[in-house]
Amino acid sequence: MSLFPTYPRLPITITDGEGTIVRDEDNKEYLDFMAGIGVNNLGHRPASVQRAIEEQMNRLWHVSNLFPIPVQEDAAKLLTEHSSMDAVFFCNSGAEANEAAIKLARKHTWKDKVVTFHQSFHGRTFATMAATGQDKVRTGFGQMLEPFEYARWNDRESVEAAIDENTAACLVEVVQGEGGVRPGEQSFLKHVQAICKENGALFIIDEIQTGMGRTGELFSYQTVGLDPDIITSAKGLGSGFPIGAMLGKEYLKEDFGPGSHGSTFGGNPLSAAAAKATLEEIVQEEFLDDVKEKGNYLKGKLELMVNDVPGVEEVRGLGLMIGIEWDREVKPMIEQAREKGLLILPAGPNVIRLLPPLTVTMKQLEAALQILDEVFHDQ
Ligand SMILES: Cc1ncc(COP(=O)(O)O)c(C=O)c1O
C-alpha cells in the first residue's frame, strides 16, 4: 500500500452510505454509530446538503479569500446568530480551528501559557499536540511548543493552581471525547470560567466533537450555560465536507485584522455551502429537541441494560454522545458488534463510544440496542 501506516485500518471497506446505514464491498449493511467519528451528524449524504453542494458546484468551486464570499458570510451569520459569538474565522479542520484559537488568545492577551486538561484531545499539529493532555499523542515528536500546563479534569484545586496571571487561555472540552466520553461537571466548568476571568485569561471551548447538535444544543457550552470568549468547531460542520471554524467575541475582532492569520481553502464556496446547509437543519429547535429525546432514551435504555452485566463501570454522556466504561479492554466487543452489523468506537482502551448520526430513527436505535444487549451479555 502506498500510504503511511498512520491509521490501524478496520477489515471492512465501506463503499456506500445513506442516513445511518452504510454498506461494505460485499453489500453487507451496518448501522453506523461511528458517523465518521462524529462527522456525519445528519447521516450519510443528507439530501439538503447534497443539493447545496451540487448547486454550488455548478457555479463556482473556489475563489480566494481576497474576494468577498457571500455563502461564507451566510454560514458565519448562522453560527453567530445561534451562539453567543460575534465573528467567525473559517479553516479546514479541528486542529486548525484550535491553532487559530491559541494564536488569537496569545495575540489578544500578550501572554503565552495555555492551560488544558489531562486526557484532553485537541489535534495533531504542533500547538494542538502540545495542548493535548495525552502522552501517547506527543511521544516521539521532540520539543513541544511551550508553555502548556495540564490540570486534572473536574478538579478545582488543580485548575486554580494552573491558571495564573501569565495564562493566555484555558482550552476545555465540555465532554472529553477521545479521552473517554467524560463530561465536565457544570459547577467545575463554571469555576474554570470564573478563574479565567479573574486572571485575564480567555476561556476557550473546543466544540469539535461536542458541537453541531451532538449534545442536544448547537454547541455543548449552551447545555451548561457557559460564556466562553472563543469556541472551535469542525467535524460535523460540513456533514463530511472538510471545514473548520473558530468563533470569537466582538472584542477579539481587531486582534485578527488583515494579514494576521489566513487559510487558502478556509471557508471556500464549496465547503461554506456544505456548512450553511448543515447549519440550516441543525439549528431548528425541533431537530435539537429530537436529539435530546433520543439521547436520553438511548442512555436510559443502556443504564437499564447494564444493570445485570458485570464489568460495566459507568454509562455516561450528553445527548447522542455516549460512553460505556468497562473494567476491561473493549476492542473484542467492538469487533463482535461489527460482525453483528453495528459500527461503534472506542474512546481509550476501556470505553465504548456511541456517536450515531443525529438523524438516527427510533427503529435504528432499537436495533443497535438489541445488538449491544447480545454483545454485553456474552462477556
Ligand atoms: C475535541 C477535538 N478537538 C480537536 C480534534 C482534531 O480535529 P481534526 O482531526 O479535524 O484536526 C478532534 C478530533 O478528534 C477532537 O475530537
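These are my notebook entries on a predicted model, written for anyone meeting this structure for the first time.

**Entry 1: the ligand and its surroundings**

I began with the ligand and looked up where it sits: the answer is the largest pocket. Next I asked how many residues surround the ligand, and I found 13. The closest are Gly94, Ala95, Asp206, Gln209 and Lys235. I then sorted the shell by residue type and noted 3 nonpolar, 6 polar and 4 charged residues. Which element gives the largest share of the shell? I wrote down helix H4, residues 94–109, which supplies 3 residues.

**Entry 2: polar contacts to the ligand**

Here I went through the contacts one by one, each with an oxygen atom of the ligand at one end.

- For Ala95, I noted a backbone N or O atom 2.8 Å from an oxygen atom of the ligand.
- For Gln209, I noted an N or O atom of the side chain 2.9 Å from a ligand oxygen atom.
- For Lys235, I noted a polar side-chain atom 3.2 Å from an oxygen atom of the ligand.

After that I checked how much of the ligand the protein covers. Taken alone, the ligand exposes 390 Å², and the protein buries 81% of that.

**Entry 3: the sheet that starts with S1**

I moved on to an open sheet of 4 strands, and I traced its order as S1-S2-S3-S15, with mixed pairing. Why is one side of S1 and of S15 left without a neighbour in the sheet? Strand S1 (14–18) and strand S15 (342–343) stand at the edges and have a single partner strand each, so one side of each stays free of a sheet neighbour.

I followed the pairings across the sheet in order. S1 and strand S2 (residues 21–24) run antiparallel and are joined by 4 bridges. In this pair, I found Glu18 bridged to Ile21 of S2. Going on, S2 pairs with strand S3 (residues 29–32) over 3 bridges, again in the antiparallel sense. Ile21 turns up here too, standing opposite Leu31 in S3. The last step is parallel: 2 bridges join S3 to S15. Leu31 stands opposite Leu342 in S15. If you would like a path to follow on screen, go from Glu18 to Ile21, then from Ile21 to Leu31, and finish at Leu342.

I also stopped at the hairpin of S2 and S3, which has 4 residues between the strands. Asn27 in this hairpin takes a positive phi near 70 degrees.

**Entry 4: two backbone details in loops**

Which residues does a cis peptide bond join? I found Glu146 and Pro147, with omega at about -10 degrees. Pro147 lies in the loop between helix H6 (135–138) and strand S6 (148–151).

My other stop was Val181, which is not a glycine and yet has a positive phi of about 50 degrees. I located Val181 in the loop between strand S8 (175–176) and strand S9 (182–183).

**Entry 5: the sheet that starts with S13**

I closed with another open sheet of 4 strands, in the order S13-S14-S17-S16, where the pairing is antiparallel. Which strands are at the edges? I noted strand S13 (312–318) and strand S16 (345–346), each of which pairs on one side only. Within the sheet, strand S14 (residues 321–326) and strand S17 (residues 351–354) run antiparallel, joined by 4 bridges. To see one of the residue pairs there, look for Ile324, whose bridge partner in S17 is Ile352.

Notes:
Residues numbered from 1 in each chain as written. Predicted model: local features only at pLDDT ≥ 70, side-chain atom pairs only at ≥ 80, totals over all residues. Heavy atoms only, no water. Pairing = 2+ DSSP bridges. Near = heavy atom within 4 Å. Polar contact = N/O pair within 3.5 Å; in protein donor to acceptor, adjacent residues only side chain to side chain. Areas by Shrake-Rupley, 256 points an atom, 1.4 Å probe, with all protein chains shown as cover. 1 Å grid on protein atoms, 1.4 Å probe; cavity = no way out; pocket = protein on both sides within 12 Å on 5 of 7 lines; lining within 4 Å. Sits in = over half its atoms within 2 Å of the grid points. Nonpolar A, V, L, I, M, F, W, Y, C, P; charged D, E, K, R; others polar.
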